[in-house]
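Please open the model in a viewer and keep the selection panel at hand. The tour proceeds from a pocket to a helix and then to the cysteines.

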Amino acid sequence: MSREKPRIIVLRFSALGDIAMTVPVIYSVARAYPDMEIIVATRPFFGRMFINAPENVRVMTFDLKDKYKGLRGTLKIARELAALHPDYVADLHNMARTMAVTAWLGLSGAKTATVDKARASRKRVYAGGEPQRQYIDRYFDTFSRLGLEARMDFKSVFDGGDMPEVNTEIRRPAVGIAPFARYATKTYPPEKMRTVARMLAAKGVNVYLFGGRGAEAETLSSWQEPGIVSLAGQFQLEEEIALMSRLDVMVSMDSANQHLAGLAGTQVASVWGSTTPACGFLGFGQSGDNAVSLGLECQPCTIAGSKECPKGHMDCLRQLPEESIVNKVMSLIAK
């Protein structure tokens, strides 16, 4: 169904870091096409990242664990989105649920495009092979296939917009450290990261620790000492991003926090183990020059992380010197 104001549905339901990478792209497309209505379909928690969105962007949320659970829930999502009569559909997820919704909306007359995850070729990146296209570029590619060309037009979610009030003092120079990741093969040994925090504090840097509630918050609380403060588990998502915007540098694994810091407009010293920037997951505004990685012959050995090192040694992280991270952080502060 055509209209004077075209409408596009954008689909992405997980995960936190992946959806964070869609934000700069969606905002850029929205600014390039101010007369187009953009509806982002995602989960309720993830929808909170779309802070200060352009006026033509609307977020619709679907609870996949309750009302929209399973096949019946997927069909319900498809019917509700079809009722909006979209002209375009951009599937930025490319998994069973979004493929089904995209097919339904395509049959209803919408022009569709799905992100290319290059599943057939991405193992070529293993052990120094062909680098993968960065996912932010893949998202732009998806809109391009719909005829919606756009350039990056994003600085941070707070650029020209409101910022949550967070009554927490951040003293400069300020460095955040987010030491955890979903997979062990992407997590720098905690005792080594604690040493990094202490080395930075000894240089007069104010260190702030980021992590989730529960076990992560308990661990990071035990790291506190002069110059090192834990913020873990104390704030809402929007508030954490606001706090990140006050930092000089964020130290993060290949995890969601590097992408949240990117949304805040903060430079990131990213630490890589089983994955590397060649896998395509650098966050917005980041450069491979900011990445800390040993570059072993066996890196990368996985695209998105794994529970165990296939060689059993985890040298990519265990052998990575703390000084390498500290030196990278100090060089970024100097910029």
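By class, the residues lining the largest pocket of this predicted model comprise 18 nonpolar, 10 polar and 12 charged residues. The volume of this pocket is about 1200 Å³. To centre the view, select A15, L16, G17, R182 and A256, which are the closest to the pocket centre among its 40 lining residues. Next, colour α1, α2, α8 and α9: these are the elements that contribute two or more residues to the lining.

Of these elements, select helix α8, residues 237-244. Which of its residues are buried? They are L237, E240, I241, A242, L243 and M244. Because six of the eight residues of α8 are buried, the helix is largely enclosed by the rest of the structure. To see what covers the buried residues, display the surrounding elements, including α1 (16-32), α2 (44-47), β9 (249-253) and α9 (256-263).

Finally, select the cysteines. With a disulfide taken as a pair of cysteine sulfur atoms within 2.5 Å, the model contains zero disulfides. C279 is in no disulfide, the nearest cysteine sulfur being that of C301, 8.7 Å away. C279 is also buried, with a relative accessible area of 2%. Move next to C309: why does its sulfur form no bond with that of C301? The sulfur of C301 is the closest cysteine sulfur to that of C309, but the distance is 5.8 Å, too far for a bond. C309 is likewise buried, and its relative accessible area is 16%.

Note on methods:
Residues numbered from 1 in each chain as written. Predicted model: local features only at pLDDT ≥ 70, side-chain atom pairs only at ≥ 80, totals over all residues. Heavy atoms only, no water. Buried < 20%, exposed > 50% of the residue type's maximum accessible area, 1.4 Å probe, protein only. Helix = DSSP H or I, 4+ residues; strand = E, 2+ residues; numbered from the N terminus. Contact = heavy atoms within 4.5 Å. 1 Å grid on protein atoms, 1.4 Å probe; cavity = no way out; pocket = protein on both sides within 12 Å on 5 of 7 lines; lining within 4 Å. Points joined across faces, edges and corners; volume = space filled by probe spheres on them. Nonpolar A, V, L, I, M, F, W, Y, C, P; charged D, E, K, R; others polar.
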